[in-house]
Amino acid sequence: MIFASTLFLGYFLPLVLGVYYLLPSAGKWRNRWLLLASYVFYGWWDPLLLPLLGGLTLWSFGFAWLLGRTDYPDGRRRTLLVLGVSGALLALFFGKYFGFACENYNALAARWGWSPAPAVSWALPLGISFFTFHAISTLVDVYRREATPMASFADYACYLAFFPQLIAGPILRFGAMAPAFAERRHGWPQVSAGLGLFCLGLGKKVLIANTLAPVADLAFNARQLDAGLAWFGLLAYALQLYYDFSGYSDMAVGLGRMFGFEFPRNFNAPYMAESLTDFWRRWHLSLSAFLRDYLYIPLGGNRHGLGRTCANLLVVMLLGGLWHGAAWTFVVWGLWHGLLLVSERWLDGRAWYAGFPRFFRVMLTFGLVLIGWVFFRAPTLGAAMDYLRALVQVVPASEAPAKLLGVELFTLPHLLTLVAALFFAWSRRRAHDWSTHLTIRRALLCLVLLWLSLGVLGTHKANPFLYFQF
Amino acid sequence: MPHLRSKGFVVAALVSLAALPVTQWWSDHAAGRPWTGAMLWERLPTAAHLRAVEQEQQQAATRNGYVQALAAAPGLAWLRGADSPVLPVRGLPNHAGETWLFYRPDARLISQRPDEGVARRASAATIHWRDQLAARGIRLVVVVAPNKAAVQRLGRHTTAVVWRSPELQGYQAALAASHVEVVDLHAVYAAVDPQVSQKTPLYLPTDTHWSSVGLDLAAHAIVTRLGWPPRAGAYGARSVSLPHVGDLERWRGPTPEPRPEVVTQVADAQGKAVSPRPGEAEVLLIGDSFSRIFEVGDGPGAGLRSQLARRLGRPVALVQQDGGGATLVRQELARRPEWLRGVKVVVWEFAERDLTSPDAEWSLVELPR
């Protein structure tokens, strides 16, 4: 079940929201209901995945409880932290990276004459990248005494499985979210602000991202490309990814608001960034914050000189790339961003083009991000290199495959959607803030977006969100 | 007042959402169908069952009047035009004022990277089929009907007038290596002067199939390949103009406009169309809708079979299945081996899309001994 489907919109959401507000606000009934709804939501993908989620919940709850004890010496607490985090990482490794590791080992084994590993593969358990991070956040925050473990197992299970953020974030820090499970504010303003943001997110996903999706898909799977086609496809992908993921995040934050939670914003006009450092302060903020707080700073951050800072940055970005997917393309994407961040760190935190006028700073940063998206989107490194070559192929491709691709890509709906998407991506309005004060005009706009999205969804098959694969 | 605004918005949004299941139930009830939501409880909630419920729910929305009313919002259909299976193209060379229609999945078989395994399976199945027929003393001639988008020039600067995909080339090379007889229609169409082919198109503007010109060129190439001396006077031919509605035109809109098409109608001395049943002619044509157009149903004996008969001066039998040129027609023959009695040559036509589409089925078909 995805947010942008008739099943979620017509059945699941009205039912869960309706029952939630019928339950008494005092006591734990509402949290219990959200827990039940979240397990139904997750189990809908595959009921056999529920033990994985339940097992990780039990594991991290138990270790958090032990870490929260005040009578344990530091050494024992550190051992418990290592054990607890290792368990969560092991679940992530087997769920997401085991097949990739075997594949690479077997490639080496074939070359060096080692005995091969058994060929095993299974579907990626949905949302595992996110709920394992939530479990790690719990253990680290409790270990650092920045939060106390939740007393109620059901409340903790609800935090880990809470359906708005379960599949694709935002990544919520345990320390920041735990108090809301004990007490939070409900009311019409919260629900209307949540619904407003949800409608905006739905519109972003259904009307913009889904319209641009075929453009990107066709370009990245083309037999022949020239520079015009390749740049058009790449631009479409960059905007599809942004509207898809930020649309999902808006819906998640909006759903959180409807149930009284205030999630942090996940995007802040990333394509207006003026440097790569600035980009990572605007793109997938919850992941950036997680990597900074739980990886970069423990590695030493910027406290041990320039060389160590740069090494830490590279490690964080490489692992951040790998977190997005078990493939070398994501590693190279992370490395690309890591090297660019290192280069900026080397220049005292400024991009080499920092002296240019703002328009050029934004354009150059956007261009560098676009190059990175080629690795992010291409199925293999070879395909990524082919695509990069096409970006500089100025002689127009003239054979039937390229001509047909041009006929499909350069249509008025695609062009207008692309222009509108660029306009909104570079505008100063932020959906997160815009929706907190709904005027009549804004409310009407949200309703129109909702109706249009329902119209599109009702006539076409649902498209899953891009970040589900991570 | 702000509170009232919030309440009003929340109620309006939730009513809009909750109207989905209510109107769905109503439309199911009115149509005498069981409520789609009830499907959930029919079986244990396995992943497969839950996916089926989800798909059915999504499908049900396409029958829901409320959703359809929302979908009819101005501009929405236009925005989602890329979902249509019909790809309209304006401004083709020598057809500046016209809109030509292409079948989008066919166009994508050319513009997109293919499933490379399909052509390999196709060549294995073709060689196996040739061997099966050869064991009965029957000669096989393979004819791949080119994809319309591979033949029709799309722009002034298109260098290759006929696009030969690597899969097609690989398939033809594999067949040549195994001495399977192939009529290379791509080469035939490529040899036509582009100026001529643009004035008298080889394909129909609003249909996925070839025109009477294109199919007659195919018949000529097949007859040349067979190398049989023609028998004069067996069949006569006359040009007639027919109102024709292209398949793409039909898919595109509810009220398609027929276009006049000039075709060559073939008949014997008594004025009867060529119509021997399978098993009653030495030449058997098997194929898909390319063998059907202007021949069966909407046609008056002016399709590929009739043109073959006219040029050979002898009857040609036909077994055809729309969309089933690759395997279904062969399976049909395997079920009815009596149709091969007395046959000397099987001309096997199938669409080029069968060499690249991941949906193409290429089974090894055994003829009964």
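No disulfides turn up anywhere in this predicted model, even when the search takes in the whole structure and all chains. A disulfide would need a pair of cysteine sulfur atoms within 2.5 Å. Two of the cysteines in chain A can still be placed by how much of them is covered. A:Cys102 has a relative accessibility of 8% and so counts as buried, because the cut-off for that word is under 20%. A:Cys158 comes out at 0%, which means that A:Cys158 is buried too.

Next come two spots in chain A where the backbone does something a bit unusual. Most residues other than glycine have a negative phi. A:Arg145 is not a glycine, yet its phi is positive, at about 60°. This arginine sits in the loop that links helix 5 (128-143) with helix 6 (153-161) of chain A. Its relative accessibility is 43%, so A:Arg145 is classed as partly exposed; the label covers values between 20% and 50%. A:Ala269 also has a positive phi, of about 45°, without being a glycine. It belongs to the loop between helix 10 (227-258) and helix 11 (276-279) of chain A. Here the relative accessible area is 4%, and A:Ala269 is therefore buried.

On the outside of chain A there is a nonpolar surface patch of about 800 Å². Its members are A:Leu306, A:Trp346, A:Leu347, A:Trp352, A:Phe356, A:Phe359 and A:Phe360. One of them, A:Trp346, is part of helix 14 of chain A, which covers residues 328-346. With a relative accessible area of 55%, A:Trp346 is exposed, because exposed means over 50%.

Now for chain B, where the domain assignment gives two pieces: domain 1 (2-77) and domain 2 (86-355). The C-alpha centres of these two domains of chain B are 44 Å apart. Helix 2 of chain B runs over residues 47-61. How far apart are the end C-alpha atoms of this helix? They are 21 Å apart, and this agrees with the expected span, because 15 residues at 1.5 Å a residue should also give 21 Å. Several residues of helix 2 of chain B are buried, including B:His49, B:Leu50, B:Val53, B:Glu54, B:Gln57 and B:Gln58. B:Ala60 and B:Ala61 are buried as well. When reading such a list, it helps to recall that an α-helix has 3.6 residues a turn, so residues three or four places apart point the same way.

Key:
Residues numbered from 1 in each chain as written. Chains lettered and ligands numbered in written order. Predicted model: local features only at pLDDT ≥ 70, side-chain atom pairs only at ≥ 80, totals over all residues. Heavy atoms only, no water. Patch = residues over 30% accessible without salt bridge, like charges linked within 9 Å, V, L, I, M, F, W, Y side chains within 5 Å. Areas by Shrake-Rupley, 256 points an atom, 1.4 Å probe, with all protein chains shown as cover. Salt bridge = Lys/Arg side-chain N within 4 Å of Asp/Glu carboxyl O. Helix = DSSP H or I, 4+ residues; strand = E, 2+ residues; numbered from the N terminus. Buried < 20%, exposed > 50% of the residue type's maximum accessible area, 1.4 Å probe, protein only. Domains from an automatic or database assignment. Expected span 1.5 Å × (residues − 1).
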